[in-house]
Amino acid sequence: MYRYDEFDHTVVRERVVQFREQVGRRLAGEITEDEFKPLRLMNGLYLQLHAYMLRVAIPYGTLSSRQMRTLAHIARAYDKGYGHFTTRQNIQYNWPKLVDVPDLLDELAKVEMHALQTSGNCIRNVTADPYAGVAAGEVEDPRIYAEIIRQWSTLHPEFTFLPRKFKIALTGTDTDRAAVKLHDIGIAIIRDENGAIGFRIDVGGGQGRTPIIAQTIRDFLPKQDLLPYLEAILRVYNMLGRRDNIYKARIKILVQSEGLERFTELVEEEFTHLKGGAVELPQAELDRIRAYFAAPRYETLDNGSKELESARQADEEFAAWVKTNVDTHKQPGYAIVNISLKPVGGIPGDASAEEMEAVADLADRYSFGEIRVTHEQNLTLPSVQQSELFSLWLGLKIHGLATANIGHAGDIIACPGLDYCNLANARSIPVAQAISRKFENIRRQHDIGRLTINISGCINACGHHHVGNIGLLGVEKNGEEFYQITLGGRADENAEIGRIVGPAFSYDDVPGAVETVVETYLQQREDNDESFVDAYARLGATPFKEALYATR
Amino acid sequence: MPLVKNGEITPDPWTHIADGEDAPLDAPIIVSTDRWNAERASLVHRNAPIGIRLRNDQLPDELGEDLYRFGVVAIEFPAFKDGRAYTQARLLRERYRFTGEVRAFGDVLRDQLLFMQRCGIDAFEIRKLADAEAFRSTIGEISVFFQPAADDRRPVTALRNRAVASWAY
Amino acid sequence: MTYKILTANRLDDGLVVYLGGAGWTANIDAAQQAHDDNAAAALDYRGKQAAMRNEVADPYLIDLDDEQPVRWRETIRANGPTVRADLGYQADKRI
């Protein structure tokens, strides 16, 4: 993974000094809250319902065990013993004190971490496939380009006061685990007909109040053109994006209002001036960054370890966990392991300091000290020997981190909601907990098969409910919490926005309603292999509407 | 309002003239594009220097070749959150190679000065005296830059690979 | 009976506070009540002054009805996250 050099260290250190000084000026009253707010947002510090909230950047979701231990330490020393992994591969702390934040940032800087640009109208944390570097069929490791974009976008003087936030995501495989089509810019690494590597550039995707699937602005962009092309897009957005209405200020609105053709013309015109210019990354720098993402020293192994096979035969629970939580690795004899942060009835994405340390220790023992954070609020150990899966599983079980529900009904994605967030209209977490308890039986979850359930507590859609197979949007009606159900959403390479199925359900009724939806699917599916989302595509909403609303 | 140029507070030789306001004949003035377009014939023949004030939704190419008549282009930050003038400044410097003064006015606050300077702004009408006095120290707060802009600071990519290249010999 | 009180977040630690007779308090029950528009305006003014003195951020008036906040959001703010009884002011109030 990327390691800071003296330049990276310097800018992060200087930024902490600068922020410490800004905090000092704020506490002394030399700048008002209105003037300070954008400055603290530039360092990811929000003021939420109960306290400040700090969002720490985890670049493209990649963490070392050392960094994870520091995150655990920070949870203990500056917060209330836990953190929350988010749908953008970051971590949030819910209780830091403003006066402590400069010291907290200093501790992060020591392990090459920061909270820069995790908020505000700037380019945010660049996210990428959590299986980057280890997925079979990968064209090239997207983290290389995510790192290049991260550096280019850091304290970019022209793009720090955009009309609105800007999110970029990358994938290196056909299977899209980064939801690139739901981002302001989505980048897929592809080959052209001659086998040259370049990028498909998608623009104008997003969720929130107006969910839109991104459109392709460039089918193939040669590698060296990446940064000049991104500058062109950002420049057009900076000048033309709406600034009069925050709900119409994202680039997706601009692309819709100009139309893709006209928007493309504007970008390509700007690009002609920037192509080949100073912002183009030198090959030497690309090679330098690529070298950081070289594969670890894998042992030469065969696939299909005997230890794994016999453990699967012997232990049903282990076999169930392998089925859902373990994925195919490109290197023979290895596997990708997903750690569920969704125990039955738990708070999705939350991890205690002890759990973080346990994961760090297991990463050191089993996965070259490397951890990934997924945008489904789980963790991944990217490279585990198949023969060691059973002992890893035992290690995870001790800490309650072995729930066999990845990608299944218990793997619920939920934003913090009204329990924590200033923007929320309704709570998400207890709804997730109630649904999780309804589906606590692992056999039942496995029988249901792949199913994503996403819950957002407000229209900002931080729970990504629009792309959940079952999505829940919390709303307030007459002071009560209600939930609108959407069905058929998909976050992958076949991205779809879910459709509202009918009138909203109350807080008490919605877990049962979700169960009704699932039961309807089970009754109507063609066979056990037809997934929920495929069955919905085939059947349409009618059977679900009938089941949900027939007696109302 | 203090003007900062070359790192310090200096007297301002220019005067902003509002549309409809009488323009002194012999003093350097800054006018809006509306006024320039309406009174171009007479303004072109002034003895004293002329400057132009862009709205922040205007692009420099609207000025055409006239751009090079102006001693100063003043660009606006109507609110500090409105970042369009950063693009205007870079275009003026990098696209149009404008070598006159590029001046920021409006909601110009301390914490944006370095970004402004990197985009090619070299004169600042700064709201608060304390911010103006802190100009030099503010500009020096960050010493590493990740991307080229309109200034002549070398981004890290240049510094890193120069280091590598030098021990290739 | 409905009336208003003033709430904010303390600047240095971000915690929820209410404006009492003598100053800011974490205890919603000790908040100064405003039973008419003049009293509410006075509370609002005191809040703005406190913000200018950098004691708090974002002061605003909220409605209470018989000691309970009208808005569910404000009940959560007064107590803590409903999903973590061990966090927030509710933890201090537990016997």
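Colleague: At what angle to β6(B) does helix α2 of chain B run?
Modeller: The model is predicted, with local features needing pLDDT of at least 70 and side-chain atom pairs pLDDT 80 or more, whereas totals for chains, interfaces and linings use all residues. Residues are numbered from 1 along each chain as its sequence is written, while chains are lettered from A and ligands numbered from 1 in the order in which they are written. Helix α2 (84-95) of chain B lies across β6 (72-77) and β7 (101-106) of chain B, helices (H or I, at least four residues) and strands (E, at least two) being DSSP runs numbered from the N terminus. Between N-to-C directions of axes fitted to C-alpha atoms, for helices over the stretch in contact, on a scale from 0 to 180 degrees, the angle of α2(B) to β6(B) is about 160°.

Colleague: Which strands are the edge strands of the sheet in chain B?
Modeller: The sheet is open, has eight strands with mixed pairing, and follows the order β2-β1-β8-β7-β6-β5-β4-β3 in chain B; strands pair if DSSP finds at least two bridges between them. The strands that pair on one side only are β2 (8-10) and β3 (15-16) of chain B.

Colleague: Which residue is the bridge partner of V4(B) in β8(B)?
Modeller: Strands β1 (3-5) and β8 (123-125) of chain B pair in the antiparallel sense over three bridges. Within β8(B), the partner of V4(B) is F124(B).

Colleague: Which strands does helix α1 of chain B touch as it packs on the sheet?
Modeller: Helix α1 (33-44) of chain B has a direction making about 120° with that of β4(B). Judged by contact (C-beta atoms, placed from the backbone, within 7 Å), the helix touches β4 (29-32) and β5 (50-53) of chain B.

Colleague: What is the radius of gyration of chain C?
Modeller: Chain C has three helices and five strands, arranged along the sequence as β-β-β-α-β-β-α-α. The globule rule, 2.2 Å times the number of residues to the power 0.38, gives 12 Å for 95 residues, and the chain is close to that, so it is as compact as a globular protein of that length. Taken over C-alpha atoms, the radius of gyration of chain C is 13 Å.

Colleague: Which helix supplies the largest share of the side of chain A that touches chain B?
Modeller: The contact takes 33 residues from chain A and 27 residues from chain B. On the chain A side, α1 (6-27), α2 (33-42), α5 (142-153), α6 (226-240) and α9 (283-292) each supply at least two residues. The largest share, seven residues, comes from α1(A).

Technical notes. Two residues are in contact if their C-beta atoms, placed from the backbone, lie within 7 Å.
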